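Work through the exercises below with the sequence and the model in view. Try each task before reading its solution.

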Amino acid sequence: MNYRHAFHAGNFADVLKHLVLTRVLVHLQGKATAFRAIDTHAGLGFYDLTGDEAGRTGEWFEGWGRLDEPFTEEVEALLVPYRGAVAAVRARHGATIYPGSPALIREFLRPGDQGVFVELHPLDAEILRGRYNQDSRTKVLHLDGWTALNAMIPPPERRGVVLIDPPYEELGEIDRLAAALVKAVTKWPTGTYVAWYPIKDVALVDRMVADLHRELDRPALRLDLMVSEPDPTRLNGNGLIVINPPWRLADEANLFLPALAERLARRDYGAFRCVAFGAEA
Ligand code: SAM
């Protein structure tokens, strides 16, 4: 386990993932009944952008660092919860902090909602525990996220979201993602799943989506964002599979994806894709 998210916090991939996560959490808050957010690959919770790791790569300058200027009014309206959660985490932990998924999730939990953060790296899990095990709404588990996912669904609340955000250190992890999603949806067909993938070789993503389309009997979205032309040797894009998306998410994505593609493009190339697949809702 060599991957350390501190080097990548706040980069273009975090922006897409965290914006979509906050949109899903906002929609979950639309009903009074409690929900659960399960984060299978949680990381440290939050990161200091002035820290050594973030400073060494400077990746956040091409991500969160490009969001200072406002977008159009309708895109900004969709970013309000994301920007608000970042501000709330900064008020709590410091002005140079960028939240990871656990810190973001925590900002959306109401009394009765639950956040479960799973992390396998022993040191990260220890830090995460120190940060989140005091809050009765959040729980940290030092476990393998894939195994834990299977054991934790369906949750008692029967409403909620699972974020799957693996490091993709091993070859074939994208196929593992598809298999895990199919298995999870069989166990908990009505949960919302948000699963992140890197885009280097687009054909690999196309194949995964085709597999999911064949196997899933639930509605799903493929949300891709490229910040440079696809290149099998470089991380020039990323995407999310959202299974059982909130019904307005596709319309929202068609507003924020073009705005992000334009703003986060590395040179002159920015592209996006929002494709619905799987079964009808
Ligand atoms: N979700 C986080 C966020 O958005 O802030 C970032 C997570 S980072 C991309 C992936 C994390 O997964 C790393 O912290 C890594 O230590 C952890 N990890 C790697 N393999 C794991 C596994 N099998 N189970 C759980 N966590 C794992």
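The exercises treat the ligand site and then the nonpolar core. This is a predicted model, in which local features need pLDDT of at least 70, side-chain atom pairs count only at pLDDT 80 or more, and totals for chains, interfaces and linings use all residues. Residues are numbered from 1 along each chain as its sequence is written, and side-chain values use heavy atoms, with hydrogens and water left out.

**Exercise 1.** Describe the shell around the ligand.

Step 1. Divide the shell by class: it has 7 nonpolar, 9 polar (Gly counts here) and 6 charged residues (Asp, Glu, Lys and Arg).

Step 2. Pick out the residues that come nearest among the 22 around the ligand (a heavy atom within 4 Å): His18, Glu119, Asp144, Gly145 and Asp165.

**Exercise 2.** Find polar atoms that lie close in distance to ligand atoms, and state how much of the ligand the protein buries.

Step 1. Start with Glu119, where a polar side-chain atom lies 2.6 Å from a ligand oxygen atom.

Step 2. Turn to the backbone: an N or O atom of Gly145 lies 2.7 Å from a ligand nitrogen atom, and one of His41 lies 2.9 Å from a nitrogen atom of the ligand.

Step 3. Take the area: the ligand alone exposes 600 Å² (Shrake-Rupley method, 1.4 Å probe), and the protein buries 95% of that.

**Exercise 3.** Which residues have the most contacts inside the largest nonpolar core?

Step 1. Define the core: buried nonpolar residues (under 20% relative accessible area, 1.4 Å probe, protein chains only) joined through side-chain atoms within 4.5 Å.

Step 2. Read off the answer: this core has 96 residues, and Val20, Met208, Ile241 and Phe256 have the most contacts inside it.

Terms used
Polar contact = N/O pair within 3.5 Å; in protein donor to acceptor, adjacent residues only side chain to side chain. Buried < 20%, exposed > 50% of the residue type's maximum accessible area, 1.4 Å probe, protein only.
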